[in-house]
Structure formats: C-alpha cells, structure tokens
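Colleague: I am new to this one. Please show me the model, then let me ask how each label is earned.

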Amino acid sequence: MNNILSYTPEELKELVRALGEPAYRAEQIFTQLHKGITLGEMTNVGKQTKQKISAAVDCSLPTVRKKLVSRLDGTVKYLFELSDSNCIESVVMKYEHGYTICISSQVGCRMGCKFCASTLAGRVRDLEAGEMLGQIIGAQRDLGIRISNVVMMGIGEPLDNYDNVIKFLKLVNLEGGVNIGYRHISLSTCGVVPKIYELAKLDLPITLSISLHAPDDETRSAIMPVNNSWGVSDLLDACREYYKTTGRRMSFEYTLISGKNDSPESAAHLASVLNAKLRSRTETMPIHVNLIPVNEVTESGFQSSGREAVRKFAAELEKRGIRATIRRTLGSDINASCGQLRRESADARE
Ligand code: SAH
C-alpha cells in the first residue's frame with residue numbers, strides 16, 4: 001500500500017499516530033483528500049506534519065497527461081499518469097441523470113481477449129484501491145463536477161485484482177469520502193468464475209456485468225482465452241448464484257463481431273442458453289443484454305457488424321424474452337473506447 005488514498009479512515013489514523021501526530025488529524029486529512037484537496041494544499045495541517053506524511057506515503061493524485069473532449073457529446077477521456085509514470089485511461093460521460101466515470105483497474109491486462117486493445121501488451125501491474133479512487137477524484141477536480149456513477153470497464157480485469165477492487169468499492173462508498181452508493185456502481189468481468197462466487201458472498205448491491213460475447217465454448221474460447229479455464233456453463237452457474245445471493249439484475253455485454261458471433265442463429269443460441277441456465281418456471285431472473293458493435297482495433301483485424309445485423313440480433317433476443325439494448329456510442333470522435341489511448345502513447349514512446 002503506497003498511495004494515501006488507499007488508506008481507510010482507520011488505517012490513516014494508525015499512520016498519523018505512528019508518525020507522532022494526534023489521531024484527529026487523520027479525519028481532517030481523509031475528508032479533504034477525498035474532496036480533491038491535496039495534502040500540500042491543506043491549510044489546516046502544519047508543514048512538518050505534511051512533510052512527515054509525504055515522506056511515508058505517496059500523496060499524489062494521478063496527473064492528466066492527455067485530455068480529449070468530444071465535440072459531439074462532451075465525453076472526456078483522460079490519459080492519467082501514475083506516480084511510477086505508468087499510464088491508465090478513464091472516461092467521463094454525461095447522461096441525463098448525471099456523470100458516469102469509466103475507470104481502469106490495472107495497468108494493462110493479462111486476460112488476452114482477442115478484440116481488446118488493453119490486453120495487447122499484457123499486464124504491467126495491478127492498481128491500488130487509491131489509484132482507482134484517484135481517477136474519480138482527479139476527474140471531479142479537473143472538471144469541477146460531482147460524479148454519481150462508476151463503471152469498472154476501463155483497462156484491466158477487476159476480478160484479477162480482487163482485493164484492491166473490493167477495498168476500492170468500500171472506500172468509494174464511505175459517507176465521509178466520495179460517497180457513491182453501491183447501486184451506482186457496475187463491475188464488468190470477462191468471467192473469473194471463482195471470484196464471482198467470492199463477490200456474491202459479500203452481497204454488495206453493485207451491478208455485475210458479464211462480458212459474454214458468445215453463447216458457446218468454441219466461439220467464446222476462440223476470442224476469449226479465459227473461457228478455456230471457465231466455460232460458458234460454469235460462468236452462467238456463477239451468475240445464477242450471484243443473483244440468488246444478491247438479488248441484483250444481471251447484465252451481459254455482447255460485442256458483435258462480423259462473421260464471428262453476430263448471426264441470427266447465434267442470437268437464438270444465446271437466448272436459449274440464457275433462458276435454460278438462468279430461468280426456470282419458479283425463477284424469473286431479470287436479464288439484460290447490452291449489444292456493442294465491436295470497436296475496430298487495428299491489431300485484431302475484427303470488423304464491426306453492420307447496423308442491420310445488430311438490429312436483427314437484438315430482435316431475435318427480444319423475441320425470446322431477453323431484453324436487449326444497443327450500446328449508444330459516446331465520444332466516437334475521441335476514440336473513447338478503452339485501451340486505445342494508452343496504446344497510442346506507448347507506441348509513440350517506442
Ligand atoms: N475486463 C473487464 C472490464 C474491461 S473491458 C471485462 O472484460 O469485462 C470492458 C468491456 O469492453 C468488456 O465487455 C469488453 O469485452 C469490451 N471490449 C473490449 N474491447 C472491445 C472492443 N474493441 N470493442 C467493443 N467492446 C470491447
């Protein structure tokens with residue numbers, strides 16, 4: 001643990017006490033940090049105390065290395081630089097109900113999904129809880145806004161950095177901190193099955209989003225190596241358990257790739273698998289499928305499905321009782337999909 005934003009109020013108290021400072025300071029510092037006031041800027045903390053704390057822990061917020069603002073819809077994409085000079089991406093989107101931020105959970109990713117830009121160079125390291133929080137605090141500070149929703153859909157696989165992600169969820173929810181309710185948080189996973197069971201046990205009312213992308217093992221394994229460890233059937237069993245424990249609606253992401261997983265037959269297959277695994281006569285689990293025409297990443301060679309294919313796919317699902325929406329594209333003029341900016345900047349440095 002290195003970044004001061006990773007500390008819980010109790011841990012901060014311990015730290016402050018260990019440095020020979022009165023414990024009440026911790027509360028003052030915690031509240032201000034989470035409002036976006038850096039330690040250096042605090043007027044009610046003495047110079048010596050500041051020096052002691054910043055010698056012991058990293059007190060920085062991620063710095064804005066690049067910022068792109070969409071002219072179409074105001075979406076803001078950040079390339080944030082961390083204190084070890086690694087870069088991550090976050091995207092702030094404006095909806096009618098407020099601002100949503102999409103944050104990263106790791107520097108890079110090791111899950112290897114074939115269509116995804118974030119995983120091309122593997123995983124560099126996990127993010128600390130405070131570095132996830134720092135993206136929200138940094139964006140709020142930079143834009144002068146309050147963010148009300150968080151989606152963990154940026155760079156990285158959140159369930160591959162489980163402990164830090166759980167700590168982040170608890171920190172972001174604290175009343176004296178950023179204070180975003182669990183119901184306003186979505187966590188997206190490619191399907192690390194044992195961690196879905198662990199998460200279910202915690203019974204946090206967050207929304208779990210599953211990146212499914214294919215209804216059968218053959219197709220899914222070809223585009224998502226994680227499927228070789230836990231197949232579609234195991235994954236949907238875990239989803240069912242998650243729903244049983246938390247009662248939360250489940251959301252499935254389905255990226256449409258031309259000629260791979262976008263036929264009406266695939267849609268019918270998807271509906272029948274979801275219905276068979278997740279719904280019975282006694283259970284009517286609310287399922288929602290989010291269709292995303294694949295964002296074409298140069299290296300992958302995959303092509304996006306045409307409008308008509310997407311519409312047909314959605315209709316096939318609806319016909320079989322599965323709610324489907326087609327993801328609205330925000331920030332298309334700034335390449336707002338994750339992984340691409342970090343990749344560009346890495347290429348520029350090479
Ligand atoms: N690792 C997590 C979260 C990060 S990816 C996960 O897999 O869910 C967030 C979402 O974007 C996932 O559904 C992922 O499959 C999808 N995605 C990644 N690259 C994409 C691309 N090129 N086009 C469309 N969606 C993509």
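Modeller: Start with handedness: a crossing is left-handed if the near helix is turned anticlockwise from the far one by less than a right angle, and right-handed if clockwise. The crossing of α4 and α5 is right-handed. Helices (H or I, at least four residues) and strands (E, at least two) are DSSP runs, numbered from the N terminus. This is a predicted model, where local features need pLDDT of at least 70, side-chain atom pairs count only at pLDDT 80 or more, and totals for chains, interfaces and linings use all residues. Residues are numbered from 1 along each chain as its sequence is written, and side-chain values use heavy atoms, leaving out hydrogens and water.

Colleague: Why are α4 and α5 called oblique to each other?

Modeller: Their axes, which belong to residues 129–143 and residues 162–172, cross at roughly 45 degrees and come within 8 Å. Under 35 degrees is roughly parallel, over 145 roughly antiparallel, 65 to 115 roughly perpendicular, and the rest oblique. The pair α4 and α5 is therefore oblique.

Colleague: Which residues make α4 and α5 meet?

Modeller: From α4 come Ala129, Met132, Leu133 and Ile136. From α5 come Asn164, Val165, Lys167, Phe168, Leu171 and Val172. By class, that contact has eight nonpolar, one polar and one charged residues. Contact means heavy atoms within 4.5 Å.

Colleague: And what makes α9 and α10 roughly parallel?

Modeller: Helix α9 (residues 264–278) packs on helix α10 (residues 307–319) at about 30 degrees, with the axes 8 Å apart. By the angle ranges just given, α9 and α10 are therefore roughly parallel. The crossing of α9 and α10 is right-handed. In α9, Pro264, Ser266, Ala267, Leu270 and Ala271 take part, facing Lys312, Phe313, Glu316 and Leu317 in α10. The classes there are six nonpolar, one polar and two charged residues.

Colleague: How do you know that leucine 204 is buried?

Modeller: Buried means under 20% relative accessible area, exposed over 50%, and partly exposed in between (1.4 Å probe, protein chains only). Leucine 204 has 8%, so it is buried. The residue sits in the loop between α6 (193–202) and β9 (207–211). Beyond its neighbours within four places in sequence, leucine 204 touches Leu169, Tyr182, Tyr242 and Thr246. Threonine 245 is 41 residues away from leucine 204 in sequence, and 9.6 Å away in space, C-alpha to C-alpha.

Colleague: Aspartate 203 is in that loop between α6 and β9. Why is aspartate 203 called partly exposed?

Modeller: Its relative accessible area is 41%, so aspartate 203 falls in the middle range. Its phi is near 55 degrees, a positive value in a residue other than glycine.

Colleague: What makes serine 85 partly exposed?

Modeller: Serine 85 has a relative accessible area of 38%, so the middle label applies. Serine 85 lies in the loop between β2 (76–81) and β3 (87–95). Its phi is positive, about 70 degrees, although serine 85 is not a glycine.

Colleague: How many residues has the largest nonpolar core?

Modeller: It has 98. A nonpolar core is a set of buried Ala, Val, Leu, Ile, Met, Phe, Trp, Tyr and Cys residues joined through side-chain atoms within 4.5 Å. Ile136, Phe168, Leu169, Phe252, Leu274 and Leu317 have the most contacts inside the largest core. Setting aside neighbours within four places in sequence, leucine 274 contacts Leu212, Leu236, Phe252, Arg279, Ile287, Val289 and Ile322. Apart from the largest core lies another, of five residues, including Val91, Cys102, Val151 and Leu330.

How values were computed. Axes are lines fitted to C-alpha atoms, for helices over the stretch in contact, and angles run from 0 to 180 degrees between N-to-C directions. Ala, Val, Leu, Ile, Met, Phe, Trp, Tyr, Cys and Pro count as nonpolar, Asp, Glu, Lys and Arg as charged, and the others, Gly among them, as polar.
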